Amino acid sequence: MADRRNMFDDEPAEPNVPRVTVRPQSFTPAQRDITPPRANMFDSEPVPQPRTGFDAFSPKQFNRPFGELKPYQRSPTEQVQSWGQDLLMGAGANPHAAGRLSRAYTDIGRTLTPMGAILSGADMPYHVNRGEYGAAAFDALGAAPAATIARRMRSGTPEVIPAHVPPPWLRDEPKLPGMPRRSLPPQSVSGPPDPASLGFVTPSNLELSGRRGSMSGAHGTPTQGTAQSGYDAINASPVRYHPNSGHDISALAQQHLSRQPGGFTRQKAPEVYDTLEQFAQRTAAEGRLLTPGDLDTLRQSLRGLEGPNGPAGNHVVNMLDTWMTSRNPAINSRIVQGTPDDLNAMRANFQQARGDYRAGETSRTVEDAIDRADTRAGSTYSGMGAGNATRQNLAAFSNSQAGRDRIFGATQAEREAIWRASQGSPMANVERTVSNVLGGGGGAATTVASGTVGGAAGTGAHMLGFDPVSSLIIGGGAGLGAAGLGRAARRSGNERIVNAAEDAATGIRQNSPEYARRAALPENAPIADPRIVARDRLTMMLMPTIKDTGTDVWNQSFIPFENRE
């Protein structure tokens, strides 16, 4: 066999080697369609011969439409890219580089300017007319920022005041061991608050209604709330009243109390009546002119009384503030010293001091309710009931006359804001429902919910063919995931409810004269909300990429290759 070069030599080197003869075959074009392929040349079955005539072809192969070659129609986005390429080629760039640069410049314009939304809106009818409804849907998504841009052009970007409210991690007042996390009674404050929580445009409770020495200034000097500063200015007024003014005040106050809803009789508010009568007797016995400071002493003695005496005393204080600055003889004929300008200045100080005190104390009452709910929830069961406890405490301000009297100084709008916070937002209620279903409150409910979900998941996995160990792992993971989801929903719902309650308290403080004064300062002028500006920019930048990517995925999944652009 060494003399043979290959198997096709004429004579084999050994006579026992069989001869193989290969005959070339002639194939017609139709044979490839009608003859099955042979595995190899040594198959024993003969190769079928091609058939001739029209029956050798399928009838479907005859008279097939070849279509019509039409000029390509560019989409608006492609037309813009073509114009850019033409401009660059006119400037001397080669076609390939000009095309790449034009696409790059177009992409930059789509992401950094409103052109992306405009081009997406123009592409949508183009794809609809071609029957490419998936691409048209993504065009509509890409055009969505156009609505936001039009809205901003019509009404402007929402504005916000810099340093408007303290961030959540800064507290209004110092926290003492064993006390709630934010508000404390003024007499319980033994140290200055965190300086970082002061100086915002929205004043804190202490900045509004803090008493003398309740907080420290920037250099450690004792300071006080704006309400107390206003009352100090009133006490320094040169206005004077007749010595018998105490009897007039006592008589007017008792008439005023009897006309209030429900009536504050002597039996219902004995401390108020006794305080008024003692003041009238003492001032008449002294026989000297009364100063605004004397009347402020009466005011302070009527504040902070317990039970029904508290609302009654507050009503008398409001009446007394009006009496002190009135020139109406039917109300006050006892002013014996002071010019009209002195009365006008006192009236302005009263308006400022009363407004700040009302806002500060009303806000403090609401925040105390939030803190009591937080303390009660933290000491009960799993500690996850802060949302419920907060809603119950806020609802108490609307459900009873005693609760309404506790926030006697609140306006109708402020009462409605407190009521809305007690009802919870739709999202907070959804989160609470999810948490209840999944046992987010802890305890036996969590065990039952997680066990049910885990058991169902494990059973389903086993029925789908997973082995017992894998089914156990899947069921355990599903049970733990359900418990975690329920707990996360409860936490989120609680935070949402507490934040709504705190927003109601913040809104009350923003109705104070001090807030209006701060907001009017030039350095506190509102600016475009940077969060909304950043959100709009990110949407405008990301939407073209989302649109292009989504269109590509749609085409690859549902559009035949030969029909893609």
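Is M541 buried, partly exposed or exposed? M541 is partly exposed, with a relative accessible area of 38%. The legends below describe close-up views of a predicted model.

**View 1. Residue M541 in helix α21.** The residue shown, M541, is found in helix α21. Its relative accessible area of 38% makes it partly exposed, because the buried class ends at 20% and the exposed class begins over 50%. M541 also belongs to a nonpolar patch on the surface, which is the topic of the next view.

**View 2. A nonpolar patch on the surface.** The patch is formed by L101, Y105, I108, L112, L141, L538, M541, L542 and I546. Together these residues have about 820 Å² of accessible area. Two elements, α3 (95-112) and α21 (530-558), give two or more residues each to the nonpolar patch.

**View 3. The largest nonpolar core.** This core has 30 residues. Y241, I249, V272, L295 and M324 are those with the most contacts inside it. Two or more residues come from each of α8 (226-235), α9 (245-258), α10 (270-286), α11 (292-302), α12 (309-324) and α13 (340-378). The largest share of this core is that of α12, with 7 residues.

**View 4. Another nonpolar core.** Apart from the largest nonpolar core lies another core, of 16 residues. Among them are L208, I407, V498 and A504.

**View 5. The largest cavity and its lining.** The count of cavities of 30 Å³ or more comes to 3. The largest cavity, shown here, has a volume of about 70 Å³. Its lining consists of G387, N388, A428, E431, R432, A489, R490, G493, N494 and I497. At least two lining residues are supplied by each of α14 (386-399), α17 (426-437) and α19 (468-509). Of the elements, α19 gives the most to the lining of the largest cavity, with 5 residues.

**View 6. Backbone at A163.** A163 has a positive phi of about 50 degrees, although A163 is not a glycine. The residue is placed in the loop between β1 (159-160) and α7 (205-209). With a relative accessible area of 45%, A163 is partly exposed.

Conventions
Residues numbered from 1 in each chain as written. Predicted model: local features only at pLDDT ≥ 70, side-chain atom pairs only at ≥ 80, totals over all residues. Heavy atoms only, no water. Helix = DSSP H or I, 4+ residues; strand = E, 2+ residues; numbered from the N terminus. Buried < 20%, exposed > 50% of the residue type's maximum accessible area, 1.4 Å probe, protein only. Patch = residues over 30% accessible without salt bridge, like charges linked within 9 Å, V, L, I, M, F, W, Y side chains within 5 Å. Areas by Shrake-Rupley, 256 points an atom, 1.4 Å probe, with all protein chains shown as cover. Salt bridge = Lys/Arg side-chain N within 4 Å of Asp/Glu carboxyl O. Core = buried A, V, L, I, M, F, W, Y, C linked by side-chain atoms within 4.5 Å. 1 Å grid on protein atoms, 1.4 Å probe; cavity = no way out; pocket = protein on both sides within 12 Å on 5 of 7 lines; lining within 4 Å. Points joined across faces, edges and corners; volume = space filled by probe spheres on them.
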